[in-house]
Structures are given as structure tokens and as C-alpha cells.
Amino acid sequence: MNGKKPVLEIKGLRTQFFLREGVVTALDGIDLTIYENESVGIVGETGCGKSMTAYSILRLVPHPGRITAGSIKYKGNELTTLDIDRMRSVRGTKISMIFQDASTALDPVFTVRDQLGEVISLHQGIYDKAALDKKILEALELVRIAAPRDVMRMYPHELSGGMKQRVMISLALSCSPSLLIADEPTTALDVTIQGQILKLLKALVAKTGSSMMLITHNLGIVAETCDRICVMYAGRIVEDAETFELFANPRHPYTAGLLVAFPKLGEKKAELPVIRGTVPDLMNPFKGCPFVDRCDKALEVCSKQRPSRVAVSPGHFVSCHLWSGGG
Ligand code: SF4
């Protein structure tokens, strides 16, 4: 990839939940590489494993789930076997996460200054009040918060939704992480504020040199923000290509279905087409392609054999029997 080094390399990642009713395979063999200064969008329907990929990277998979196979390397260092203390230091300093709803991620009983100050002190070793205030102001100015001196003294409930999200972005970036994971960062916001926050995120990753993994169900958001897109379905990445290429030449029937269902500016359709059927039950292991029951192009082999990942053009990968010659 243009001689760039990988920041994150995931190979064969499987994350499963061990419930009384059975085993749910939330991630079923994820392969994903994010390079330095690259923004990668992860798209797919609810429950396809987008957020679980993020939780697995950060080793925050909730009980009774756990990573059962595969490797996650951050700059060449394996994360799946890292001890808890070292993993804690990776979170925040090396890999930061912006959550969907800033209201629940910010602590309601502490001011913005308290929360930003704690993170900066912990990760940058700055405890002197004047030096810390200077750093906090810089962090708030970076995310273009109006009147940052006033905002420092405020509690989360005194901030608007957009301001809370800016504070959370500021928290996530205050330790200059190499990788920023943003999980549906604008879903809880008004449409006008969504655009501002996305523009800000894009500008900040370019300015700080971080890489970004942007999780969303909204194709419009990744089209505007990301260099590359990974399409997830039923715990697998089914297609992976640069943004323009994916929109111009979708190869997987699921991606093609998502794009047809995606409203385009100026296009008049009485009704937007939908992909028929529903996502499969992840508790029932499937031998073949998980999309088979919804796919109009399914072949006989599709229900029997898992399609392997093949390159259809340089940098464009797809897992589908239509392209892998039946396996
Ligand atoms: S592998 Fe078969 S069922 Fe799956 S998307 Fe391709 S054609 Fe459709």
C-alpha cells in the first residue's frame, strides 16, 4: 500500500459468546489491515460485527464473550496475549475510541477540565496546574470548541450533543493515538451537526497523522470520510476496496444491494429497493456463504463451501464464489 507501514494487522480473528443457549460467533475469521495515515470505514447492518471488531481490538469484549482464534497486531506487537497492564496503556495512548453516545461515555459528575486533565496527566505525565490547563485548552481548541475556557468549567449536562461529541474527540486525541476508532460517532446528533463532526474528524486525523477506523451503517459517511471501505456481513468482511473503486465496481452481491438501497442526491425513486430477508442467526454455524438465503446470484456451491477471499483487482478483495471460481 504505497510503501506505508501497517498500524493494525488482524488475521483470522474469531470472537465468540458462550451463552447457555449455545455459542454465538460474532466475528468469524476477520482479516483487516489499517496502514498509517489511512482512514478505513467498516460498514454493514446492525449486528454484523462492526462494533465487536472494535471491542476485540481493544480487548473489551463483554462477558461471556472472548477472542477464540486469530491475531491482532499493533505495529507488529501481538495484542491478544498482552498482559492487562500493558493492554491498558495501549488503550488511550496508542489506540483511542470515540463512542456512539458521548452522553454515556462522559462522567456526569466531573467537569470537562477534570476529565481531560486526568487523561492528559495519566498519559503525558503533566501535573502542574498551569501546564495542564494550557494542554486542556489546546485540546479543546483542536476540536474547535467555542469559548474553551468556559467549557473547561462545565459539566457534561451543560453541553449540547455536538459539544459533548467534540469533548469526547478531544479526549480520544489528547494522547496522540496512532489509531482512532470511531464507532458511529455521529448517530446521536442532528444532521447538520453530523456533517460538522465528520469534517472535523477528517481534518484532525489528517493533521495529527493518526489512522482511523470509522464504524458506521451509513455509506454516505464513509464515502465522504474514508480512503478504503470494508463491508461486513454476519461476522465476516465480505468485500474490501478503496472507496471510489467500491462505489464504482461493487463485486459482492451484498455490497451491490447496499449501494442500490443507498439514496443518491438528485435521484428520484418512488421506493428505495431493500435487500430481501434478514441476517442469519449467528448461533447456527453455517458451512457456506452466510448471505446465501438472501442472494439472487447464489450457486450450488454457496451453501456448501465457505468462499475464500480473492483479489479481483489490485487492492480490491471479495469473498464470493462468483469471483473465486467456486471456492
Ligand atoms: S458466495 Fe454465493 S451466496 Fe454468497 S454472495 Fe457470492 S454468489 Fe451469493
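Helices, of at least four residues, and strands, of at least two, are DSSP runs that are numbered from the N terminus. With that in hand, we can take a walk through this structure, which is a predicted model.

**Loops with something to notice**

Let's begin with the loop that joins strand E7 (179-183) to helix H8 (191-208), since Glu184 lies there. Glu184 is not a glycine, yet its phi is positive, at about 45 degrees. Is Glu184 buried or exposed? Its relative accessibility is 9%, and buried means under 20%, so Glu184 counts as buried.

Another loop runs between helix H1 (50-57) and strand E4 (65-74), and Pro64 has its place in it. The peptide bond leading from His63 to Pro64 is cis, and its omega is near 10 degrees. Arg59 is found in the loop between H1 and E4 too. Like Glu184, Arg59 is a residue to look at for its backbone: it has a positive phi of about 55 degrees without being a glycine.

A third loop, between helix H5 (129-142) and helix H6 (148-152), holds Arg144. Setting aside neighbours within four places in sequence, Arg144 is in contact with Arg166, Leu200 and Ala203. Arg144 and Leu200 are 56 residues apart along the chain, but their C-alpha atoms are separated by 8.3 Å.

Here is how these three loop residues compare in accessibility:

| Residue | Relative accessible area | Class |
|---|---|---|
| Arg59 | 24% | partly exposed |
| Glu184 | 9% | buried |
| Arg144 | 53% | exposed |

**The nonpolar core**

In soluble globular proteins, nonpolar side chains tend to be buried together. How many residues are in the largest nonpolar core here? There are 89, and the members that touch the most others are Leu32, Ile95, Leu140, Ile169, Ile181 and Met213. Take Met213 as an example: leaving out residues up to four places away in sequence, Met213 touches residues including Leu32, Ile34, Val40, Ile42 and Ile57. Leu179, Leu180, Ile181 and Ala182 are also among the residues that Met213 touches.

**Around the ligand**

Where does the ligand sit? The space that the ligand takes up is the largest cavity. Among the residues surrounding the ligand are His252, Pro253, Phe291, Val292 and Lys297. The cysteines Cys289, Cys295, Cys302 and Cys320 also belong to these surroundings. Sorted by class, the shell around the ligand has 9 nonpolar residues, 2 polar ones and 1 charged one.

Definitions and conventions. Residues are numbered from 1 along each chain as its sequence is written. This is a predicted model: local features need pLDDT of at least 70, side-chain atom pairs count only at pLDDT 80 or more; totals for chains, interfaces and linings use all residues. Side-chain values use heavy atoms; hydrogens and water are left out. A nonpolar core is a set of buried Ala, Val, Leu, Ile, Met, Phe, Trp, Tyr and Cys residues joined through side-chain atoms within 4.5 Å. Buried means under 20% relative accessible area, exposed over 50%, partly exposed in between (1.4 Å probe, protein chains only). Contact means heavy atoms within 4.5 Å. A residue is near a molecule or strand if one of its heavy atoms lies within 4 Å of it. On a 1 Å grid over the protein atoms alone, a cavity is a set of points where a 1.4 Å probe fits but cannot get out, and a pocket is an open set with protein on both sides within 12 Å along at least five of seven lines; lining residues have an atom within 4 Å of a point. A molecule sits in a cavity or pocket if more than half of its atoms lie within 2 Å of its grid points. Ala, Val, Leu, Ile, Met, Phe, Trp, Tyr, Cys and Pro count as nonpolar, Asp, Glu, Lys and Arg as charged, and the others, Gly among them, as polar.
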